[in-house]
Amino acid sequence: MAPFQALALLLLVFAASASQQLEPTKAESFASTVTAVRTSEIDVGGSKVHVLEGGEEGAPKSVLLLHGASFSSETWRTLGTLDVLASAGYRAVAVDLPGYGSSERSSGQSPVEFMEKLVTAEFGGEPVFVVSPSMSGTFSLPYISKHASSVSGFVACAPVGISQFASSLHETPVDVPTLLVWGENDRVVPIANADMLEQVVSVSKKVVIPGADHPSYLANPNMFHKELLNFIASH
């Protein structure tokens with residue numbers, strides 16, 4: 001191979017390598033689009049709670065984003081959900097639940113009491129959409145059963161505690177518009193739980209994300225965001 005050709009080939013290889021190194025991951029691409037996420041700490045029943053917020057106060061609709069046991073409010077920043085909601089004109093608030101992320105453990109208050117105080121502190125008691133994956137079902141399900149009129153819509157991402165919730169509401173279903181989001185391969189909270197939840201809430205739609213496991217929204221963020229925005233817009 002001629003020296004000039006060898007040098008040209010070397011330069012091409014170097015350029016390709018540099019391009020791969022500089023190309024951001026999907027998560028980094030989502031995170032880089034978020035330009036106006038605000039960080040704060042609020043007092044909820046005497047405990048410090050870490051908050052990430054996108055969008056503006058006074059927006060026509062507000063969304064409260066909870067999280068699963070292996071995650072935190074930061075999940076919704078990295079996934080791009082805070083940015084997606086803010087860009088659609090909504091106010092989005094993601095919190096670290098007590099004892100998770102940067103929030104203190106809650107002392108002397110039940111999950112439903114925590115939710116009551118959180119919604120009052122952040123939204124002034126105005127109705128709010130609640131997005132609740134996995135572990136956060138221990139907070140969201142008791143809350144919507146007690147305060148259905150304060151919930152504009154419930155986005156159930158395979159929350160835990162459905163069987164107990166359904167049993168307690170068998171005679172008095174909750175009138176809350178609900179979007180069910182499940183992973184096709186969820187073995188932690190199998191899809192049968194979604195069918196159970198359908199019996200005790202006003203279900204608008206059930207979405208099964210193909211090939212997804214328990215945190216289904218991670219497997220296909222675009223599909224999740226599309227369904228989330230459509231649900232909020234219609235209620």
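**A buried loop residue, the sheet behind it and two nonpolar cores**

In the loop between β6 and α7 lies A158, where the helix and strand labels are DSSP runs (H or I over at least four residues for helices, E over at least two for strands) numbered from the N terminus. Although A158 is not a glycine, its phi is positive, at about 50 degrees. A158 counts as buried, at 0% relative accessibility; buried stands for under 20% relative accessible area, exposed for over 50% and partly exposed for what falls in between, with a 1.4 Å probe and protein chains only. The model is predicted, so that local features need pLDDT of at least 70 and side-chain atom pairs count only at pLDDT 80 or more, while totals for chains, interfaces and linings use all residues. Residues are numbered from 1 along each chain as its sequence is written, and side-chain values use heavy atoms, with hydrogens and water left out.

The protein chain has 10 helices and eight strands, and 44% of its 235 residues count as buried. Among contacts between residues at least 6 apart in sequence, 71% join residues at least 24 apart, a contact being heavy atoms within 4.5 Å.

An open sheet of eight strands, with mixed pairing, follows the order β1-β2-β4-β3-β5-β6-β7-β8, where two strands pair if DSSP finds at least two bridges between them. Its edge strands are β1 (38-44) and β8 (201-209), each of which pairs on one side only. On average, neighbouring strands of this sheet are turned by 20 degrees against each other, direction ignored; the axes behind such angles are lines fitted to C-alpha atoms, for helices over the stretch in contact, and angles otherwise run from 0 to 180 degrees between N-to-C directions.

Within this sheet, strand β4 (residues 91-95) is largely enclosed by the rest of the structure, because five of its five residues are buried. In a regular strand the side chains alternate between the two faces of the sheet. Both faces of β4 are covered, with R91, V93 and V95 buried on one side and A92 and A94 buried on the other. Strand β2 (residues 47-54) runs antiparallel to β4 and is joined to it by four bridges, with L52 standing opposite A94. Strand β3 (residues 62-65) pairs with β4 in the parallel sense, also over four bridges, and here V63 stands opposite A92.

V95 leads from the sheet into the largest nonpolar core, where L64, V95, F165 and L197 touch the most other members of its 39 residues; such a core is a set of buried Ala, Val, Leu, Ile, Met, Phe, Trp, Tyr and Cys residues joined through side-chain atoms within 4.5 Å. Helix α5 (residues 111-123) provides the largest share of this core, six residues. Apart from it lies another core, of 25 residues, including L79, A92, L179 and V207. Leaving aside neighbours within four places in sequence, the contacts of V95 are V49, H50, V51, L64, L65, L66, H67, S73 and L118.

Further along the sheet, strands β6 (residues 151-157) and β7 (residues 174-183) run parallel and are joined by three bridges, one residue pair being V155 with L179 in β7. Across β5 (128-133), β6 and β7 lies helix α6 (residues 137-146), which runs at about 145 degrees to β6. The buried residues of α6 are G137, F139, S140, L141, Y143 and I144, and what covers them includes α5, β5, β6, α7 (162-168), β7 and α8 (192-198).

The loops on either side of α6 also hold buried residues. S134, in the loop between β5 and α6, is buried with a relative accessible area of 14%, and its phi is near 45 degrees, a positive value in a residue other than glycine. S150 lies in the loop between α6 and β6 and is buried with a relative accessible area of 17%; not counting residues up to four places away in sequence, S150 touches E126, P127, V128 and Y143.

Helix α10 (residues 221-233) has 13 residues and reaches 18 Å from its first C-alpha to its last, close to the expected 18 Å, a span defined as 1.5 Å times one less than the number of residues. Its buried residues are P221, F224, H225, E227, L228, F231 and I232. These buried residues lie on the same side of α10, because they cover an arc of only 165 degrees around the axis, the arc being that of the directions from the helix axis to the C-beta atoms. The face of α10 turned away from this buried side carries the exposed residues N222, K226 and A233.
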